[in-house]
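I am opening my notebook to look up a few residues and ring pairs, one entry at a time.

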Amino acid sequence: MRDTYHDQLDAIVQDLFQMSQLVARGVTQATAALTRADLALAEQVIEGDDAINALYRGVETQAFDLLARQQPVAGDLRVLVTSLRIVVDLERAGDYVVHLAKIARRRHPASAVPDALRGTVLEMGQTAQQILDKTGTVIATRDLELAAELEVDDDAMDALQKRLFTLVLQDGGQDIEAAIDATLAGRYYERLADHAVAVGHRVTYMVTGEHAEV
Amino acid sequence: MAKRIEAVDLDAYYGGFRAIEGVTLTIEPKSITALIGPSGCGKSTFLRTINRMHEVLPGARVTGQLLLDDEDVYGPGVDPVGVRRAIGMVFQRPNPFPTMSIYDNVVAGLRLNGVKKKGDLDDAAEQSLRSANLWNEVKDRLGKPGAGLSGGQQQRLCIARAVAVEPQVLLMDEPCSALDPISTLAIEDLMTELKDRYTIIIVTHNMQQAARVSDRTGFFTIDGPGTPGRLVEIDETPKIFSNPSEKRTEDYITGRFG
């Protein structure tokens with residue numbers, strides 16, 4: 001019954017999953033662009049945000065249409081309202097990826113990341129990618145145990161950010177521009193992970209109807 | 001073949017009373033158009049002008065043009081019976097012929113049109129009942145009275161009866177208002193399937209139903225008692241229910257009047 005409507009609901013969730021994958025791929029590429037001073041890759045990431053934004057607008061339009069026309073209730077209503085919030089988190093996450101790529105582009109042909117920080121930045125990039133991959137799985141499978149794991153993963157990201165700041169301070173402020181870029185990059189990775197945690201909370205609410213502890 | 005409908009400056013009268021005034025709209029083939037509006041706004045009257053059912057009442061008449069693929073159904077020499085054959089109708093209360101079996105109900109129109117071969121009638125009956133999503137429920141009791149079915153089944157039987165004669169347009173006047181919510185959703189699903197082949201126009205008091213099933217929605221209203229109904233606007237259904245152009249439409253669908 002009401003097959004078309006339920007297909008449209010599923011399509012929205014599918015789009016959210018696709019957005020999470022694009023952001024995950026973007027953060028890996030942005031990290032490579034940052035640590036290798038790869039201008040072409042940085043440009044590719046920046047342009048790639050258009051696809052994420054198109055999905056964002058598509059989900060918003062679709063959800064609006066279903067809300068206006070289908071009188072969603074109960075679980076369906078939670079899927080729609082939650083999707084409207086998840087899509088904002090993912091869009092923002094996509095913007096942080098762009099910010100990372102823009103640091104790489106601004107500093108090209110120099111590398112934005114000094115040697116002393118490269119290992120930590122690479123680790124933050126890997127952690128971000130894993131978190132976003134997991135976020136996609138949480139969206140697609142509604143696995144609440146995985147959703148809860150995102151909190152722990154975020155703690156790891158926070159620890160990396162702390163380590164990055166410590167390293168920046170140890171440098172003694174000789175290269176202020178590099179210090180600012182590294183601090184900003186650290187902040188972008190950290191915010192990315194926070195949005196992933198928020199998605200985890202929202203999926204938990206979508207499934208259970210109970211708000212997660214924030 | 002599904003046909004396109006175009007009304008041009010259409011007025012409909014009951015004796016001296018003008019029930020609708022100046023309706024101009026176009027309905028594309030293979031689409032579902034919903035007509036909504038408060039009671040007495042003329043939406044059912046408009047529906048009944050499309051297949052010349054309006055003029056059946058004494059003193060009722062129509063002015064203006066009603067084109068079915070460019071042919072004026074009110075043109076000189078046009079046979080109203082032929083119009084009604086091309087434009088099927090389903091009513092508010094399921095109205096199967098009470099003394100007829102399920103089978104006879106479905107093929108009644110075909111028999112009237114002179115189809116006699118049993119094989120042809122059998123094929124048409126199965127085909128139509130399948131189209132109406134009723135076949136599996138009734139295939140073992142085709143000889144039983146149609147009146148013995150549930151309300152939702154009876155309404156689907158009436159839809160099967162309407163599509164059996166392969167009309168070009170299907171008019172539905174409040175087809176679900178006497179049905180429970182599940183039967184209602186079954187009819188709505190059925191409409192979505194039927195629109196691949198027919199032009200469907202549905203009059204409904206249930207705005208949510210209009211929002212769910214239709215591609216386009218037209219809003220009719222009256223300015224006050226005794227004034228004729230008018231078409232306020234007709235547009236894509238998502239537009240009507242998210243950002244209508246006319247304030248009167250917005251007021252109606254948000255429950256501020258009507």
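Before the first entry I note that a contact here means heavy atoms within 4.5 Å, and that I am reading a predicted model.

Entry one, the start of chain A. I looked up Met1(A) and found this residue in the segment before helix H1 (3-36) of chain A. Leaving aside neighbours within four places in sequence, I listed the contacts of Met1(A) as His6(A), Ile182(B), Leu185(B), Ala186(B) and Asp189(B). I then checked exposure: Met1(A) has a relative accessible area of 46%, and is therefore partly exposed, since that term covers values between 20% and 50%. I also looked up Ala198(A), which lies 197 residues from Met1(A) along the chain, with 33 Å between the two C-alpha atoms.

Entry two, aromatic pairs. I found 3 aromatic pairs over all chains. One of them joins Phe46(B) and Phe220(B), whose ring centres are 5.8 Å apart and whose planes meet at 35°, so I wrote the pair down as tilted. Phe46(B) belongs to helix H1 (residues 43-50) of chain B and Phe220(B) to strand E9 (residues 216-222) of chain B, so that this pair links parts of the chain 174 residues apart. Phe46(B) is buried at a relative accessible area of 0%, and Phe220(B) is buried at 0%. For Phe219(B) and Tyr252(B) I noted centres 5.0 Å apart and planes at 25°, so this pair is stacked. Both Phe219(B) and Tyr252(B) are buried.

Entry three, charges over rings. I saw that Arg92(A) lies over the face of Tyr96(A), 5.1 Å from the ring centre, and that the charged end of Arg161(B) sits over the ring of Phe97(B), 4.4 Å from its centre.

How values were computed. Residues are numbered from 1 along each chain as its sequence is written. Chains are lettered from A and ligands numbered from 1 in the order in which they are written. This is a predicted model: local features need pLDDT of at least 70, side-chain atom pairs count only at pLDDT 80 or more; totals for chains, interfaces and linings use all residues. Side-chain values use heavy atoms; hydrogens and water are left out. Helices (H or I, at least four residues) and strands (E, at least two) are DSSP runs, numbered from the N terminus. Buried means under 20% relative accessible area, exposed over 50%, partly exposed in between (1.4 Å probe, protein chains only). Rings of Phe, Tyr and Trp (its six-membered ring) pair if their centres lie within 6.5 Å; planes under 30 degrees apart count as stacked, over 60 as edge-to-face and the rest as tilted. A charge sits over a ring if NZ of Lys or CZ of Arg is within 6 Å of the ring centre and within 35 degrees of the ring normal.
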